[in-house]
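Subject: Structure handover

Hi,

Here is the structure I promised to pass on to you. My notes follow below it; please have a look when you get a moment.

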Amino acid sequence: MTPARDPDATDRDAADLDDDFGFAEPSTDQSFENALAKARDGTRLSVDDATELLATGTDAEGIDPVRKERVLELADRRRREEVGDEVTFVANLNNNVTTACNTGCLFCNFKDSAHAFEADSDADHAGFTKTPAESRAIVEDALDMGVYEVCSVSGLHPALALNEEHHEILRSYDDPESAVNYKPPSAYATDPGTYVDQIEAMSVGGIHVHSMTPEEAYHAARGTEWEYETVYRELAAAGLDSAPGTAAEILVDEVRDVICPGKIRTDDWVAAMEGAMAAGLDTTSTMMYGHVETVAHRAEHLGVIRDLQDRTGGITEFVPLSFIHQNTPLYRHGVVDSGPSRDEDELVVAVARLFLDNVDHVQASWVKSGDAHGLKLLNCGADDFMGTILSEEITKRAGGDYGEFRSFDDYVDMITAIGRTPVERSTDYRTRRRIDPDDGPHGPRLGPRADGTPILPTRSGEGSRPEGESAGADD
Ligand SMILES: C[S@@+](CC[C@H](N)C(=O)[O-])C[C@H]1O[C@@H](n2cnc3c(N)ncnc32)[C@H](O)[C@@H]1O
Ligand SMILES: Nc1c(NC[C@H](O)[C@H](O)[C@H](O)CO)[nH]c(=O)[nH]c1=O
Ligand SMILES: N[C@@H](Cc1ccc(O)cc1)C(=O)O
Ligand code: SF4
């Protein structure tokens, strides 16, 4: 693995950009009507077909509302045929270990410059680094509330290494900071431990650990010759159960060059995902859209995911991540005026359902879209509604304002309101529990300590158990 970092790739680059990136105007040899006919017949769609459907035809500017409805209707029907009327969600928590990151992605306001975390720094920052013991305590509390999964994605802290051997390798470089983005833990106010330490700490009481994105796996192997599969095997031995397919953004390098020049390229992202699956882990897949890319880039991205799934079969879901723009460098520097429109959100979900014929589940996100529009997305091809998550940092810091927690009662009310069946799921969707809406109040039952007791909101936005009730209490 070679260092792929430009440590100066930050806001400066955004200021240098204008809105002309030299991307080709989307156009194909296919027509919208032919692409739609193929979708109706169930013929496998090409990338050009997907471009036409996402654009509601490249023959005219803007989204045609009538054509859009035709795409959504087909996708909703396909969803019903393939996965039925159940809407799934998982009892989970987010536990981000650190916000320290020097990668400089221009769509991200989650990260803080790692210098601010150094022991002798007096720079102000609103970020955090958790020790493994702190991560364990947070996961233990959530287990008591009944959660099934911990989802952990983090900044690429320069002191994070896979294990002690990795620390030794990184230390042995001349000028490790610029050569391999490394500074020893002793330089920082808080030591995050190693990746293995953090996974071991979170892997407690039978919880499902969903962590280590391709970008994090790259960081856990930087400066070494280790294969991704080897890295993921070591993490799996420490308790990792599945890997999140974030860091995908748009899997087209000319777009990555603009929005995340410090990140791994498309080929490397695919290699990391294959490594995770070769190590026996399930993965999820994502696309973060609605910034500088064209519909043709979105279609190409879907092609990368479908090819990967043809080869591996280990992708459990596709998660469209609608770009939240307000506090991001891309918006602050005038590179973009907004995130995607709701029409675009709907078309991305619908075309994902129609194009990704080998990925069973498409997620709607109440974090990105709010409840009302999230429910609309469940009628455009989506069949999963995320999870309880308890707390949220990525979208909140980007300026999103849809909250950090949904209770089981919230889920049951919302899902039954659109005439669908609420189902608690495991991360891999193989374990499912249909929920009887009339038998409330509702709480999780699939987590290792879950007994049906509701998770309640607290003022900080996190969930908690009703006062006085322990994990063992009957309901
Ligand atoms: C914040 S990173 C954390 C994990 C790790 N550093 C990585 O990049 O994979 C996780 C994902 O959050 C998503 N994200 C970050 N900022 C966002 C924004 N403003 N709007 C929507 N999604 C965003 C991106 O897709 C990114 O890959
Ligand atoms: N879409 C968002 C998610 N999705 C991840 C799920 O919560 C879950 O972990 C996954 O489906 C595996 O079971 N998480 C967020 O924090 N924010 C989102 O917008
Ligand atoms: N936490 C990510 C989303 C995500 C995480 C894990 C997944 O498996 C999928 C999506 C975000 O908010 O952007
Ligand atoms: S998206 Fe991930 S890698 Fe990029 S700046 Fe944010 S935290 Fe760092």
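What share of the contacts in the chain with a separation of 6 or more comes from residues 24 or more positions apart? The share is 73%, where a contact means heavy atoms within 4.5 Å.

Before the details, some ground rules. This is a predicted model, in which local features need pLDDT of at least 70 and side-chain atom pairs count only at pLDDT 80 or more, while totals for chains, interfaces and linings use all residues. Residues are numbered from 1 along each chain as its sequence is written, chains are lettered from A and ligands numbered from 1 in the order in which they are written, and side-chain values use heavy atoms, with hydrogens and water left out.

**Overall picture**

The chain has 18 helices and 13 strands; these are DSSP runs numbered from the N terminus (helices H or I, at least four residues; strands E, at least two). Its radius of gyration is 22 Å, which agrees with the value near 23 Å for a compact globule of 475 residues. That radius is taken over C-alpha atoms, and the globule rule is 2.2 Å times the number of residues to the power 0.38. The C-alpha trace spans about 60 × 60 × 40 Å along its principal axes.

Of the 475 residues, 60% are buried (under 20% relative accessible area; exposed is over 50%, partly exposed in between; 1.4 Å probe, protein chains only). Carbon and sulfur atoms hold 44% of the accessible surface, which comes to about 18,200 Å² (Shrake-Rupley method, 1.4 Å probe). There are 92 negative and 43 positive side chains, and the centres of the two sets lie 4 Å apart; Lys and Arg count as positive, Asp and Glu as negative, without His and the chain ends.

**The annotated domain**

An unreviewed UniProt entry places "domain: Radical SAM core" at residues 87-357; such annotations may be inferred rather than shown by experiment. Over that stretch the chain is 39% helix and 12% strand, with the end C-alpha atoms 18 Å apart.

**Two enclosed helices**

Helix 3 (residues 47-55) has seven of its nine residues buried, so it is largely enclosed by the rest of the structure. The cover over its buried residues includes helix 2, helix 4, helix 13 and helix 15. Just after helix 3 comes Thr56, with a positive phi near 45°.

Helix 8 (residues 195-202) is also largely enclosed, because six of its eight residues are buried. Among them are Tyr195, Gln198 and Met202. The buried residues of helix 8 pack against helix 5, strand 3, strand 4, helix 9 and helix 10.

**Single residues**

Leu72 sits in helix 4 (residues 65-83) and counts as buried at 4% relative accessibility. Beyond its neighbours within four places in sequence, Leu72 touches Glu346, Leu347, Ala350, Lys376, Asn379 and Cys380.

Two non-glycine residues with positive phi lie in loops. Asn181, with phi near 55°, is in the loop between helix 7 and helix 8 and is buried at 9% relative accessible area. Leu390, with phi of about 65°, is in the loop between strand 9 and helix 17 and is buried at 4%.

Finally, Gly440 and Pro441 are joined by a cis peptide bond with omega of about -5°. Pro441 belongs to the loop between strand 11 and strand 12.

Happy to talk it through.

Best wishes

Methods
The place of a charge is taken as NZ of Lys, CZ of Arg, CG of Asp or CD of Glu.
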